[in-house]
Amino acid sequence: MAGEVQDSFWPIPKFYFRLRFGLQDIAFFQELSGLDVEDQPMEYRHGNNPVFSSVNILRNEKRGNVTLKKGVFINGKNFQEWYEKISMNSIPRETAIIDLLEESGNPIMTWTLKNAWPVKISSTDLNSDANEIAVETMELSHEGLTIKNG
């Protein structure tokens, strides 16, 4: 209705984010997906007596890889350096921090990946008929995910 006051609460936009490795390396990506953690229940039975009931308990959590996509830039060497570490089998595991940012650049939501390391790097595909930017993809595996809102 015309003249009504709008609520001041709106859902958070998801297009402004960054990735930090430790406290220094900052990278901006065009797409980030796979911030999933899934607990799988397992049936546990109390004793051998059929009178005792069984209960579901949580088993190890199942974590997916986090997929990062970014445009290819002239003299951009981030993915290349990470790939060289993979091929030399000397991948340091680091804390990866993903910040969802407000318009002033302050984090409003944070995902922290414990002991993250790259497990897959894909170069861009090439197609002479396409009119698209070149995009590289990297997948990170990790040992745990924590989420902080606010």
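These exercises work through the salt bridges and the nonpolar core of one predicted model.

Residues are numbered from 1 along each chain as its sequence is written. Because the model is predicted, local features need pLDDT of at least 70, side-chain atom pairs count only at pLDDT 80 or more, totals for chains, interfaces and linings use all residues, and side-chain values use heavy atoms, with hydrogens and water left out.

**Exercise 1. State how many salt bridges there are, and place the one between Asp99 and Arg20.**

Step 1. Fix the rule. A salt bridge is a side-chain nitrogen of Lys or Arg within 4 Å of a carboxyl oxygen of Asp or Glu.

Step 2. Count. The rule gives four salt bridges.

Step 3. Take Asp99 and Arg20. Their side chains meet at 2.8 Å, N to O. Asp99 sits in strand S7 (residues 94–101) and Arg20 in strand S1 (residues 17–21). The two are 79 residues apart, so the pair links distant parts of the chain. Strands here are DSSP runs (E, at least two residues), helices are runs of H or I (at least four), and both are numbered from the N terminus.

Step 4. Check burial. Buried means under 20% relative accessible area, exposed over 50%, and partly exposed in between (1.4 Å probe, protein chains only). Arg20 has 18%, so Arg20 is buried. Asp99 is buried too.

Step 5. Test the pair as a polar contact. That term means a pair of N or O atoms within 3.5 Å; within protein, one must be able to donate a hydrogen and the other to accept it, and residues adjacent in sequence count only if both atoms are side-chain atoms. The side chains of Arg20 and Asp99 qualify, at 2.8 Å.

**Exercise 2. Decide whether Glu136 and Lys70 are buried or exposed, and say what their salt bridge ties together.**

Step 1. Find the distance. The closest N and O atoms of Glu136 and Lys70 are 3.4 Å apart.

Step 2. Locate both ends. Glu136 lies in strand S9 (residues 135–141) and Lys70 in strand S6 (residues 66–71), so the bridge ties parts 66 residues apart in sequence.

Step 3. Read the accessibility. Glu136 has 17% and is buried. Lys70 has 11% and is buried.

**Exercise 3. Describe the surroundings of Arg93.**

Step 1. Place Arg93. The residue is in the loop between helix H1 (78–87) and S7. At 44% relative accessibility, Arg93 is partly exposed.

Step 2. Find the salt-bridge partner. Arg93 pairs with Glu143 at 2.4 Å between the closest N and O atoms. Glu143 is in the loop between S9 and strand S10 (145–149), so parts 50 residues apart in sequence are tied together. Glu143 is partly exposed, at 33%.

Step 3. List the contacts (heavy atoms within 4.5 Å). Apart from neighbours within four places in sequence, Arg93 touches Asn115, Ala116, Trp117 and Glu143.

Step 4. Add a backbone distance. The C-alpha atoms of Arg93 and Ser141 are separated by 9.6 Å, with their positions 48 residues apart along the chain.

**Exercise 4. Say which elements build the largest nonpolar core.**

Step 1. Define the core. It is a set of buried Ala, Val, Leu, Ile, Met, Phe, Trp, Tyr and Cys residues joined through side-chain atoms within 4.5 Å.

Step 2. Give its content. The largest core has 18 residues, and Leu19, Leu68, Leu113 and Leu140 have the most contacts inside it.

Step 3. Assign elements. S1, S6, S7, strand S8 (107–122) and S9 each give two or more residues. S8 gives the largest share, four.

Step 4. Inspect Leu68. Beyond neighbours within four places, its contacts include Leu19, Phe29, Met138 and Leu140.
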